[in-house]
Amino acid sequence: MTTIVAVRKNGIAAIAADTLTTFGNTRLPSHLDASHDKILHIGDSYVGVCGSAAHHLVLANLLAKTPDVQLNSKAEIFETFRKLHPILKEECFLNPKEDEEDPYESSQITALIANANGIFGIYSMREVFEYTQYWAIGSGHEFALGALHHAYPRYDSAAEIARAGVEAGIALDKNSAAPITVYSVALKN
C-alpha cells in the first residue's frame, strides 16, 4: 500500500509520499520502478493516490484528458469524481462493489489533494474532506498521523512536517519505503 500525507501550515500546503509499490508479498522498490512517484500533478493540484497500482495510471489518464477538472474546493472535487465514476466503470472497467451494505457504489479510490486552496481528501464513496492542518492515508496512515500530531506544533515548515509523517510510515509500515517525494504550493489565504 503506501503512506501519503498532506500538511497545511504558514501559508504553504505540502504533500508527501513514499515510493514503494507492492503486489501481495512482492515489493517493487523505487530504483526498479521508472514510475515510482505516487503523486500526480494535475493542473495546479498535486494528487497523492493510494490503493491499487492501477488507480495511478487510470486517474492520470482520465484527469489529463478531462478538460473541466476542478479540484479547488470540496464541491469541485466531489463533482469531478462524480463525473469520473461512470467513466471509471464504462471505460476502465472499475468493479464498484465493496460491501453489499454500502449506500453508494465505490470508486475504489482514496487520494489526498494539495493545491493553493488547501488540502483535501477524497474517498471511495466520493466523500470529500477539507483538512485544516494535516492528514494521512494508506497502510502507514496511523503511524503517519501520530508523527504529524507530534511534529505539527514543533516545526514551521509544512514540507518538514509532511516528511516526518511519511518517515514514520516508512519506519513502521511494511508496505512503505524510501525515498520520499514532497511537493509544496503557496496557499491563496
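## Reading hairpins, a sheet and a helix pair

Mentor: In this predicted model, let us begin with the hairpin of E5 and E6, where two residues lie between the strands and Gly43 takes a positive phi near 60 degrees.

Trainee: How many bridges join strand E5 to strand E6?

Mentor: Four bridges join E5, residues 39-42, to E6, residues 45-50, and the two strands run antiparallel. If you want one pair to look for, Ile42 has Ser45 of E6 as its bridge partner.

Trainee: And how many residues stand between E8 and E9 in their hairpin?

Mentor: There are five residues between E8 and E9, and Arg126 in the turn has a positive phi of about 65 degrees. Strand E8 (residues 118-122) pairs with strand E9 (residues 128-131) over four bridges in the antiparallel sense, and within this pairing Ile119 stands opposite Tyr131 of E9.

Trainee: Let us move on to the sheet: in what order do the four strands of the open sheet stand?

Mentor: A general idea helps here: in a regular strand, the side chains alternate between the two faces of the sheet. In this structure, the four strands form an open sheet in the order E10-E1-E2-E11, with antiparallel pairing. Strands E10 (134-137) and E11 (181-186) stand at the edges and each has a single partner strand, so one side of each is left without a neighbour in the sheet. Neighbouring strands of this sheet are turned by 10 degrees against each other on average, direction ignored. Strand E1 (residues 4-9) is joined to strand E2 (residues 12-17) by six bridges, and these two run antiparallel; Val5, for instance, has Ala16 in E2 as its bridge partner.

Trainee: Which strands does helix H3 touch where it packs on the sheet?

Mentor: Helix H3 (residues 141-151) touches E1 and E10, and its direction makes about 160 degrees with that of E10. Helix H4 (residues 158-172) also packs on the sheet, touching E1, E2 and E11, and the direction of H4 makes about 155 degrees with that of E1.

Trainee: At what angle do helix H1 and helix H2 pack?

Mentor: In general, two packed helices are described by the angle between their axes and the distance between the axes. Here H1 (residues 53-65) and H2 (residues 74-91) pack at an angle of about 120 degrees, with their axes 11 Å apart, and that angle makes H1 oblique to H2. The crossing in which H1 passes H2 is right-handed.

Trainee: Which residues of H1 and H2 make the contact?

Mentor: From H1 the contact is made by Val58, Leu59, Leu62, Leu63 and Lys65, and from H2 by Thr80, Phe81, Leu84, Ile87, Leu88 and Glu91. Sorted by class, this contact of H1 with H2 has eight nonpolar, one polar and two charged residues.

Technical notes:
Residues are numbered from 1 along each chain as its sequence is written. This is a predicted model: local features need pLDDT of at least 70, side-chain atom pairs count only at pLDDT 80 or more; totals for chains, interfaces and linings use all residues. Side-chain values use heavy atoms; hydrogens and water are left out. Axes are lines fitted to C-alpha atoms, for helices over the stretch in contact, and angles run from 0 to 180 degrees between N-to-C directions. Angles under 35 degrees count as roughly parallel, over 145 as roughly antiparallel, 65 to 115 as roughly perpendicular and the rest as oblique. A crossing is left-handed if the near helix is turned anticlockwise from the far one by less than a right angle, and right-handed if clockwise. Contact means heavy atoms within 4.5 Å. Ala, Val, Leu, Ile, Met, Phe, Trp, Tyr, Cys and Pro count as nonpolar, Asp, Glu, Lys and Arg as charged, and the others, Gly among them, as polar. Two strands pair if DSSP finds at least two bridges between them.
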